[in-house]
Amino acid sequence: MLGLRGLRLPATGILYLLPLLLLLPTWPATPAPRRAPLKPVIVVHGLFDSSYSFRHLLEYINQTHPGTAVTVLDLFDGRESLRPLWEQVQGFREAVAPIMAKAPQGVHLICYSQGGLVCRALLSVMDDHNVDSFISLSSPQMGQYGDTDYLKWLFPTSMRSNLYRICYSPWGQEFSICNYWHDPHHDDLYLNASSFLALINGERNHPNATAWRKNFLRVGHLVLIGGPDDGVITPWQSSAGAQWIASEIANNEGTSSNPSATPRENDNALCSQNDFQPWNPTGCSVLTQRATLGHNGPMAVTRGCSSFTNNLKLPSCL
């Protein structure tokens, strides 16, 4: 016993040795696996908003994920958000670049309303971005075509039926809203005049199309959020990468709350017809329901793995 030849200790003697065992050197315990650092979050606001509008989101992230670095970019606030979108893309690009450079593990991008278009353009033109998750919160990704309060304020003498006369002019394209105004009755004018949406959608040929597609595919996860109770984005399916077709407008003058809206079925849409059945070559769920907030209350959450351009497919689903 205990390796001592010819010596036997009484059972009670072993008890006296136990304190000594505590003094013996021991192998170090296997260290617990280190938790990966939380990825920084970058938030981009929408039309007429500012960083102050997202103070509650900032607090919520800090409470639920302590230690997360959250940056709500304070650029193009208020009326400055009407500046042309390419100008905004450049400004936000300069702001996000140093944040990404300090986060080699990647960042999460949360972009609200018009900001979702800014972010999608950012992901297209930045060949060195490291965005792990792009969350598009109630953004008119396939454009806007509907009467809303802010349109009436900006263009009091115009309605959606004739706003194309302003938006599809060189003067109109100096307003961010006109950069994504998508009138299904005037596709030719839209394609010729749109200096922003038609380009990032790949609807008009340009020399950077292939590079932009490759850059966008660097995104790890895409989350599209939108729903019929949005009240601003029209049609609300634009948040999921779909748009009105002219026949739909002519037949029922569809509204943002019309659940039977038929999105255009083309290479640029995320979903096909038949009331938003999944256009789903990769086997990912395209439309699910979840409680969240948009412009005016609870909405649906769209999980997408398809694309905005040329059947673009993201590498994974959420």
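**Notebook: cores and helix packing**

I began with the largest nonpolar core, which holds 48 residues, and found that Leu 109, Phe 134 and Phe 196 are the members touching the most others. The largest share of this core comes from α4, which supplies seven residues. I keep in mind that this is a predicted model.

I then looked up Leu 109 and, leaving aside its neighbours within four places in sequence, found contacts with Ile 42, Cys 119, Leu 123, Val 131, Ser 133, Phe 134 and Ile 135. There is also a second, separate core of 11 residues, and Val 41, Ile 61, Val 223 and Ile 225 are among them.

Next I turned to α4 (residues 114-125) and its packing with α3 (residues 85-101), where the axes lie 9 Å apart at an angle of about 65°. Angles of 65 to 115 degrees count as roughly perpendicular, and α3 and α4 are therefore described in that way. I noted that α3 passes α4 in a right-handed crossing. On the α3 side the contact includes Trp 86 and Phe 92, and on the α4 side it includes Leu 117 and Ala 121. By class, this contact of α3 with α4 has nine nonpolar, two polar and one charged residues.

Last, I checked α4 against α10 (residues 209-216), and their axes come within 6 Å and cross at roughly 105°. That makes α4 roughly perpendicular to α10. Here Arg 120, Leu 123, Ser 124 and Val 125 of α4 meet Ala 211, Trp 212, Asn 215 and Phe 216 of α10, and by class I listed five nonpolar, two polar and one charged residues. Leu 123 thus appears twice in my notes, in contact with Leu 109 and in the meeting of α4 with α10.

How values were computed:
Residues numbered from 1 in each chain as written. Predicted model: local features only at pLDDT ≥ 70, side-chain atom pairs only at ≥ 80, totals over all residues. Heavy atoms only, no water. Axes fitted to C-alpha atoms, helices over the stretch in contact; angles between N-to-C directions. Helix = DSSP H or I, 4+ residues; strand = E, 2+ residues; numbered from the N terminus. Parallel < 35°, antiparallel > 145°, perpendicular 65-115°, else oblique. Left-handed = near helix turned anticlockwise from the far one by under 90°. Contact = heavy atoms within 4.5 Å. Nonpolar A, V, L, I, M, F, W, Y, C, P; charged D, E, K, R; others polar. Core = buried A, V, L, I, M, F, W, Y, C linked by side-chain atoms within 4.5 Å. Buried < 20%, exposed > 50% of the residue type's maximum accessible area, 1.4 Å probe, protein only.
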